[in-house]
Amino acid sequence: ERIEPKIKNLGNNEWKIFYTILTVGEYEIRASCTNRGPLPGSPWTIACLDPAKVTPIGGWGSLLDNNGKLLLPAKIAFDTSMAGPGELTCYVDSTEVNVEKQSNGRCILYLSDEELSKGEHSFDLTWSGLPISQSPGYVFVTGNSSAADKVVLTGRGLTSAQVGEISHFTIDASEALSGKPEVHMEFEDGENLPVTLLQPRPNELIWLASYNPHKSTGGPLSLSVEWNGRLIKECPLTISVGPAVDAAKVLCSGEGLRNGVVGRDIKSWIDTRRAGPGELTAHCAGPRKVAYCELYDHGDATFTLNVKPQEP
């Protein structure tokens, strides 16, 4: 966009330039004199900003309580696409708060109540140094809740595990706004067990945790998860560890494993006592039809398997 300036001659080789920019963006100013060429320093690059166009998605009203206060913790998404080239800066009590910049012209601000005392705290929000209109000057901490209370643990790996098998659980901190989990796991005898954390999407506060117990003789595992140094609710958790399972140690015997007659039960005997704890399943199929299978549990880790084939 070209801006037509107004030039006022002040005499003594001095001029005053007037111009009005109506649209945000970056502009280049070129100045030259007849028979002298460009002035020293020309061209200059300037930015036209409109901090009033930096607005929370949904408006400020959706973020305030019934008394018009901005309560922490809070997550605020700003639309800056119409504000011109600039940078969003935030301070709470003179401490700068990290702002996440996104490629779609949005900025995400995570305001935590961690390390803030209960009550009122100054809130300074600017766009390249210019104050943002309608932004509250203060934020408030009620002290009634902690971000750690909003972290949720899910998964089978929170209750039981098996020696030699990788167990998993999920840490979901989507409602905790900002931070990082710290996980500590140990056996009852005091030996630590490493836990691997994987964050599939860096912009989401969700972690996949995995661990692999190498013994069951050290007693149950104790799991503690902290968020920003605070233990989350329900922790520490106690996780039972079962011995290793080895399917190769399941023994099968009986005439039914060699041959049978269509329409008659074929019986065999299965011993899982040396294979470790687990669940036994059986499936038998012919060329075109599935054979009927029945497992009878004797209650001592041994089973009788009845198979009735439907076709030769």
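A salt bridge is taken here as a side-chain nitrogen of Lys or Arg lying within 4 Å of a carboxyl oxygen of Asp or Glu. The model is predicted, so local features need pLDDT of at least 70 and side-chain atom pairs count only at pLDDT 80 or more, while totals for chains, interfaces and linings use all residues. Residues are numbered from 1 along each chain as its sequence is written, and side-chain values use heavy atoms, with hydrogens and water left out.

**View 1. The salt bridge between K53 and D50.** The side chains of K53 and D50 come together with an N to O distance of 3.8 Å, in a structure that holds eight salt bridges. K53 is partly exposed, at a relative accessible area of 40%, and D50 is likewise classed as partly exposed, at 25%; in these legends buried means under 20% relative accessible area, exposed means over 50%, and partly exposed lies in between (1.4 Å probe, protein chains only).

**View 2. The salt bridge between E204 and R201.** The closest N and O atoms of this pair are 3.3 Å apart. E204 is partly exposed, with 29% relative accessibility, whereas R201 is exposed, with a relative accessible area of 51%.

**View 3. The salt bridge between R273 and D271.** The side chains of R273 and D271 meet at 2.8 Å, N to O, and D271 counts as buried, with a relative accessibility of 9%. Elsewhere, D189, E191 and K215 are joined into one network by salt bridges that share partners.

**View 4. An open sheet of four strands.** The strands follow the order β7-β9-β13-β12 and pair in the antiparallel sense; strands (E, at least two residues) and helices (H or I, at least four residues) are DSSP runs numbered from the N terminus, and two strands pair if DSSP finds at least two bridges between them. Because β7 (55-56) and β12 (99-101) stand at the edges with a single partner strand each, one side of each is left without a neighbour in the sheet. The antiparallel pairing of β7 with β9 (residues 74-79) runs over two bridges, and P56 has F78 in β9 as its bridge partner.

**View 5. Segments annotated as Filamin repeats in UniProt.** The unreviewed UniProt entry places "repeat: Filamin" on residues 1-48, 46-141, 143-241 and 242-312; positions are given in the numbering used here, feature names are shortened, and annotations may be inferred rather than shown by experiment. Residues 1-48 are 0% helix and 52% strand, with end C-alpha atoms 12 Å apart, while residues 46-141 are 0% helix and 48% strand, with end C-alpha atoms 40 Å apart.
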